[in-house]
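Let's sit down with a model and practise reading it feature by feature. Ask whatever comes to mind as we go.

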Amino acid sequence: MKSKKRAIAKIIFPWLAYMMARFFWFTSRKSFHIEGEITQGQCVVVCWHGELLMSPQAYRYFHKTQRSFAIISRHFDGEMIARVLTFFDIGSLRGSSSKGAKQVLLEAFRTLKSGSDLLVTPDGPRGPRYKVSDGAVALALKAKIPLVIINYRPSGYWQLSSWDKFVIPKPFCRIDFYLQSLNLEEMSLEEAREYLQKQMLVHALA
(Lines give C-alpha, C1' and ligand atoms only; values in the text may rest on other atoms or scores of the structure.)
Protein backbone atom coordinates (compact mmCIF):
# COMPACT_ATOMS: atom_id res chain seq x y z
CA MET A 1 0.00 0.00 0.00
CA LYS A 2 2.83 2.39 0.88
CA SER A 3 4.56 1.81 -2.45
CA LYS A 4 1.29 2.40 -4.31
CA LYS A 5 0.71 5.70 -2.49
CA ARG A 6 4.25 6.81 -3.29
CA ALA A 7 3.81 5.91 -6.95
CA ILE A 8 0.69 8.09 -7.11
CA ALA A 9 2.44 10.91 -5.22
CA LYS A 10 5.30 10.90 -7.73
CA ILE A 11 2.81 11.66 -10.47
CA ILE A 12 0.55 14.17 -8.72
CA PHE A 13 2.68 15.99 -6.12
CA PRO A 14 5.39 17.50 -8.37
CA TRP A 15 2.83 19.12 -10.66
CA LEU A 16 0.80 20.48 -7.72
CA ALA A 17 3.92 21.80 -5.98
CA TYR A 18 5.07 23.49 -9.18
CA MET A 19 1.68 25.14 -9.72
CA MET A 20 1.64 26.33 -6.10
CA ALA A 21 5.14 27.77 -6.41
CA ARG A 22 4.21 29.62 -9.58
CA PHE A 23 0.99 30.91 -8.02
CA PHE A 24 2.90 32.46 -5.11
CA TRP A 25 5.50 33.87 -7.49
CA PHE A 26 3.02 35.58 -9.80
CA THR A 27 0.72 36.88 -7.06
CA SER A 28 3.51 38.35 -4.91
CA ARG A 29 5.06 41.80 -5.04
CA LYS A 30 8.77 41.06 -5.46
CA SER A 31 11.76 43.16 -4.58
CA PHE A 32 15.36 42.08 -5.24
CA HIS A 33 18.25 43.24 -3.09
CA ILE A 34 21.65 42.41 -4.58
CA GLU A 35 25.03 42.50 -2.86
CA GLY A 36 27.97 42.07 -5.18
CA GLU A 37 27.52 41.47 -8.91
CA ILE A 38 25.12 38.87 -10.29
CA THR A 39 26.48 38.10 -13.75
CA GLN A 40 25.48 35.60 -16.40
CA GLY A 41 28.63 33.63 -15.62
CA GLN A 42 28.79 30.22 -14.00
CA CYS A 43 28.20 29.96 -10.26
CA VAL A 44 27.33 27.71 -7.33
CA VAL A 45 23.96 28.76 -5.88
CA VAL A 46 22.99 28.05 -2.27
CA CYS A 47 19.79 28.46 -0.29
CA TRP A 48 18.48 27.01 2.95
CA HIS A 49 16.40 23.84 2.67
CA GLY A 50 13.38 25.62 4.18
CA GLU A 51 13.46 28.23 1.37
CA LEU A 52 13.29 25.79 -1.55
CA LEU A 53 9.79 26.80 -2.64
CA MET A 54 10.79 30.18 -4.05
CA SER A 55 14.60 30.20 -4.36
CA PRO A 56 14.83 28.18 -7.63
CA GLN A 57 12.46 30.69 -9.21
CA ALA A 58 14.64 33.59 -8.06
CA TYR A 59 17.63 31.78 -9.56
CA ARG A 60 15.81 31.35 -12.89
CA TYR A 61 14.79 35.03 -12.82
CA PHE A 62 18.49 35.95 -13.23
CA HIS A 63 19.81 32.84 -15.01
CA LYS A 64 16.99 32.07 -17.41
CA THR A 65 18.70 29.69 -19.81
CA GLN A 66 21.86 28.42 -18.11
CA ARG A 67 22.27 24.66 -17.88
CA SER A 68 21.96 23.79 -14.22
CA PHE A 69 21.80 20.90 -11.78
CA ALA A 70 20.88 20.59 -8.12
CA ILE A 71 22.30 18.16 -5.57
CA ILE A 72 19.26 16.29 -4.25
CA SER A 73 19.07 13.51 -1.65
CA ARG A 74 18.15 9.93 -2.55
CA HIS A 75 15.26 9.93 -0.06
CA PHE A 76 11.64 9.92 -1.23
CA ASP A 77 11.22 13.62 -0.42
CA GLY A 78 14.35 14.25 -2.51
CA GLU A 79 12.67 12.48 -5.42
CA MET A 80 9.71 14.85 -5.09
CA ILE A 81 11.99 17.90 -5.07
CA ALA A 82 13.92 16.61 -8.09
CA ARG A 83 10.71 16.16 -10.07
CA VAL A 84 9.53 19.68 -9.21
CA LEU A 85 12.86 21.16 -10.31
CA THR A 86 12.51 19.61 -13.76
CA PHE A 87 9.67 22.09 -14.40
CA PHE A 88 12.29 24.85 -14.01
CA ASP A 89 14.68 23.03 -16.35
CA ILE A 90 16.98 22.15 -13.45
CA GLY A 91 18.44 18.65 -13.49
CA SER A 92 19.45 16.66 -10.42
CA LEU A 93 22.49 14.87 -9.05
CA ARG A 94 21.29 12.32 -6.52
CA GLY A 95 23.18 11.96 -3.25
CA SER A 96 23.81 13.64 0.12
CA SER A 97 26.31 13.82 2.98
CA SER A 98 24.89 10.56 4.38
CA LYS A 99 24.26 8.54 1.18
CA GLY A 100 26.33 8.58 -1.98
CA ALA A 101 28.39 11.57 -0.83
CA LYS A 102 31.64 10.73 -2.64
CA GLN A 103 29.92 9.85 -5.91
CA VAL A 104 27.68 12.91 -5.99
CA LEU A 105 30.60 15.25 -5.25
CA LEU A 106 32.51 13.74 -8.17
CA GLU A 107 29.48 14.19 -10.41
CA ALA A 108 29.05 17.75 -9.14
CA PHE A 109 32.63 18.64 -10.00
CA ARG A 110 32.25 17.14 -13.47
CA THR A 111 29.08 19.18 -13.86
CA LEU A 112 30.95 22.37 -12.95
CA LYS A 113 33.79 21.48 -15.33
CA SER A 114 31.21 21.18 -18.13
CA GLY A 115 30.19 24.81 -17.49
CA SER A 116 26.85 24.19 -15.76
CA ASP A 117 25.57 25.99 -12.67
CA LEU A 118 25.15 24.00 -9.48
CA LEU A 119 22.39 24.48 -6.86
CA VAL A 120 22.93 23.24 -3.29
CA THR A 121 21.07 23.35 0.04
CA PRO A 122 24.01 23.24 2.47
CA ASP A 123 21.82 22.27 5.45
CA GLY A 124 20.00 19.49 3.58
CA PRO A 125 18.66 16.92 3.32
CA ARG A 126 18.00 16.34 7.04
CA GLY A 127 19.65 19.21 8.87
CA PRO A 128 20.53 20.47 11.31
CA ARG A 129 18.72 23.57 10.16
CA TYR A 130 20.92 26.54 9.25
CA LYS A 131 24.15 24.54 9.54
CA VAL A 132 26.42 24.77 6.48
CA SER A 133 28.20 21.60 5.37
CA ASP A 134 31.43 21.60 3.35
CA GLY A 135 30.09 20.50 -0.06
CA ALA A 136 29.08 23.75 -1.74
CA VAL A 137 32.08 25.62 -0.37
CA ALA A 138 34.57 22.96 -1.47
CA LEU A 139 33.09 22.83 -4.97
CA ALA A 140 33.11 26.63 -5.42
CA LEU A 141 36.72 26.81 -4.21
CA LYS A 142 37.89 23.96 -6.47
CA ALA A 143 36.08 25.33 -9.53
CA LYS A 144 37.19 28.91 -8.71
CA ILE A 145 33.77 30.38 -9.40
CA PRO A 146 31.50 32.70 -7.36
CA LEU A 147 29.06 31.36 -4.81
CA VAL A 148 25.62 33.05 -4.86
CA ILE A 149 23.36 33.04 -1.79
CA ILE A 150 19.58 33.33 -2.21
CA ASN A 151 17.40 34.18 0.80
CA TYR A 152 13.85 35.48 0.85
CA ARG A 153 11.60 37.07 3.44
CA PRO A 154 7.82 37.22 2.78
CA SER A 155 5.72 39.85 4.55
CA GLY A 156 3.26 37.08 5.38
CA TYR A 157 3.92 33.35 5.46
CA TRP A 158 3.19 29.95 6.93
CA GLN A 159 5.96 27.84 8.44
CA LEU A 160 5.70 24.06 8.61
CA SER A 161 6.64 22.09 11.73
CA SER A 162 9.28 20.12 9.77
CA TRP A 163 12.96 20.19 10.82
CA ASP A 164 13.69 22.92 8.23
CA LYS A 165 10.62 25.03 9.16
CA PHE A 166 9.69 25.13 5.47
CA VAL A 167 8.45 28.59 4.45
CA ILE A 168 5.32 29.09 2.34
CA PRO A 169 4.49 32.72 1.43
CA LYS A 170 0.90 33.86 1.76
CA PRO A 171 -0.83 34.89 -1.47
CA PHE A 172 -0.46 38.53 -2.53
CA CYS A 173 2.24 39.28 0.04
CA ARG A 174 5.48 41.17 -0.55
CA ILE A 175 8.59 39.02 -0.94
CA ASP A 176 12.04 40.51 -0.49
CA PHE A 177 14.72 38.42 -2.18
CA TYR A 178 18.30 38.85 -1.04
CA LEU A 179 21.10 37.74 -3.37
CA GLN A 180 24.73 37.85 -2.33
CA SER A 181 27.59 37.03 -4.69
CA LEU A 182 30.65 35.85 -2.76
CA ASN A 183 34.20 35.38 -3.99
CA LEU A 184 35.80 32.73 -1.77
CA GLU A 185 39.19 32.60 -3.49
CA GLU A 186 42.22 32.94 -1.21
CA MET A 187 40.19 31.47 1.68
CA SER A 188 40.77 28.11 3.30
CA LEU A 189 37.89 25.63 3.39
CA GLU A 190 37.20 26.39 7.04
CA GLU A 191 37.35 30.16 6.55
CA ALA A 192 35.04 29.96 3.53
CA ARG A 193 32.53 27.73 5.35
CA GLU A 194 32.40 30.06 8.36
CA TYR A 195 32.01 33.07 6.08
CA LEU A 196 29.21 31.42 4.12
CA GLN A 197 27.46 30.40 7.34
CA LYS A 198 27.59 34.00 8.58
CA GLN A 199 26.35 35.51 5.32
CA MET A 200 23.52 33.00 4.85
CA LEU A 201 22.14 33.90 8.28
CA VAL A 202 22.03 37.65 7.62
CA HIS A 203 18.58 37.52 5.95
CA ALA A 204 17.35 34.14 7.24
CA LEU A 205 14.01 33.87 9.00
CA ALA A 206 13.96 32.85 12.66
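## Reading the core, helices and rings

A: Let's start inside: the largest nonpolar core has 59 residues, and V44, V46, L118 and L196 are the members that touch the most others. Keep in mind that this is a predicted model.

Q: Which residues does V44 touch, if I leave out those up to four places away in sequence?

A: Leaving out those neighbours, V44 is in contact with L112, L118, V120, A136, A140, I145, P146, L147 and V148. Two of the helices come up again in a moment, so hold on to that list.

Q: How do I read a helix such as helix 4, and what is its span from first C-alpha to last?

A: Check the length against the ideal rise. Helix 4 runs over residues 101–113, which makes 13 residues, and it spans 18 Å between its end C-alphas, close to the 18 Å expected at 1.5 Å a residue.

Q: Which residues of helix 4 are buried?

A: Here's the general idea: an α-helix has 3.6 residues a turn, so residues three or four places apart point the same way. In helix 4 the buried residues are V104, A108, T111 and L112. They cover an arc of only 95° around the axis, and that puts them on the same side of helix 4.

Q: Which exposed residues sit on the face of helix 4 turned away from its buried side?

A: That face carries K102, R110 and K113, which are exposed.

Q: What do the buried residues of helix 4 pack against?

A: They pack against strand 2 (44–46), strand 3 (68–72), strand 4 (91–94), strand 5 (117–120) and helix 5 (135–143). While you're there, look just past the end of helix 4, where G115 has a positive phi of about 100°.

Q: Can we do helix 5 in the same way? Which of its residues are buried?

A: Sure. For helix 5 the buried residues are A136, V137, L139 and A140. Their arc around the axis is only 165°, so they lie on the same side of helix 5. As for partners, the buried residues of helix 5 pack against strand 2, strand 3, helix 4, strand 5, strand 6 and helix 6 (189–201).

Q: Which residue just after helix 5 takes a positive phi?

A: That's K144, at about 55°. K144 is not a glycine, and it sits in the loop between helix 5 and strand 6 (147–154). With a relative accessible area of 60%, K144 is exposed.

F172 is another one to look up: it has a positive phi of about 65° although it is not a glycine. You'll find F172 in the loop between strand 8 (167–169) and strand 9 (174–182), and at 55% relative accessibility it counts as exposed.

Q: Now the rings. How many aromatic pairs does the structure hold?

A: It holds 13 of them. To read a pair, take the distance between the ring centres and then the angle between the planes. W25 and Y61 are 6.1 Å apart centre to centre with 55° between the planes, a tilted pair. This pair links distant parts of the chain, with W25 in helix 1 (residues 2–27) and Y61 in helix 2 (residues 55–62), 36 residues apart.

Q: Are W25 and Y61 buried or exposed?

A: W25 is buried, at a relative accessible area of 6%, whereas Y61 is partly exposed, at 39%. Now try W48 and Y130: their ring centres are 4.8 Å apart and the planes lie at 45°, so this pair is tilted. W48 is in the loop between strand 2 and helix 2 and Y130 in the loop between strand 5 and helix 5, so the pair ties together parts 82 residues apart in sequence. W48 is buried at 0% relative accessibility, and Y130 is buried with a relative accessible area of 16%.

Q: Which residues do ring pairs link into a cluster?

A: The cluster is made of W25, F32, Y61, F62, Y152 and F177. Look for charges over rings here, too. The charged end of K30 sits over the ring of W25, 4.8 Å from its centre, and that of K64 sits over the ring of Y61, 5.0 Å from its centre.

Q: Last one: where are the cis peptide bonds that involve P125 and P128?

A: Check omega. A cis peptide bond joins G124 and P125, with omega about 5°, and another joins G127 and P128, also with omega about 5°. P125 is in the loop between strand 5 and helix 5, and P128 is in the loop between strand 5 and helix 5 as well.

Definitions and conventions. Residues are numbered from 1 along each chain as its sequence is written. This is a predicted model: local features need pLDDT of at least 70, side-chain atom pairs count only at pLDDT 80 or more; totals for chains, interfaces and linings use all residues. Side-chain values use heavy atoms; hydrogens and water are left out. Helices (H or I, at least four residues) and strands (E, at least two) are DSSP runs, numbered from the N terminus. The expected span of a helix is 1.5 Å times one less than its number of residues. Buried means under 20% relative accessible area, exposed over 50%, partly exposed in between (1.4 Å probe, protein chains only). The arc is that of the directions from the helix axis to the C-beta atoms. Contact means heavy atoms within 4.5 Å. Rings of Phe, Tyr and Trp (its six-membered ring) pair if their centres lie within 6.5 Å; planes under 30 degrees apart count as stacked, over 60 as edge-to-face and the rest as tilted. A charge sits over a ring if NZ of Lys or CZ of Arg is within 6 Å of the ring centre and within 35 degrees of the ring normal. A nonpolar core is a set of buried Ala, Val, Leu, Ile, Met, Phe, Trp, Tyr and Cys residues joined through side-chain atoms within 4.5 Å.
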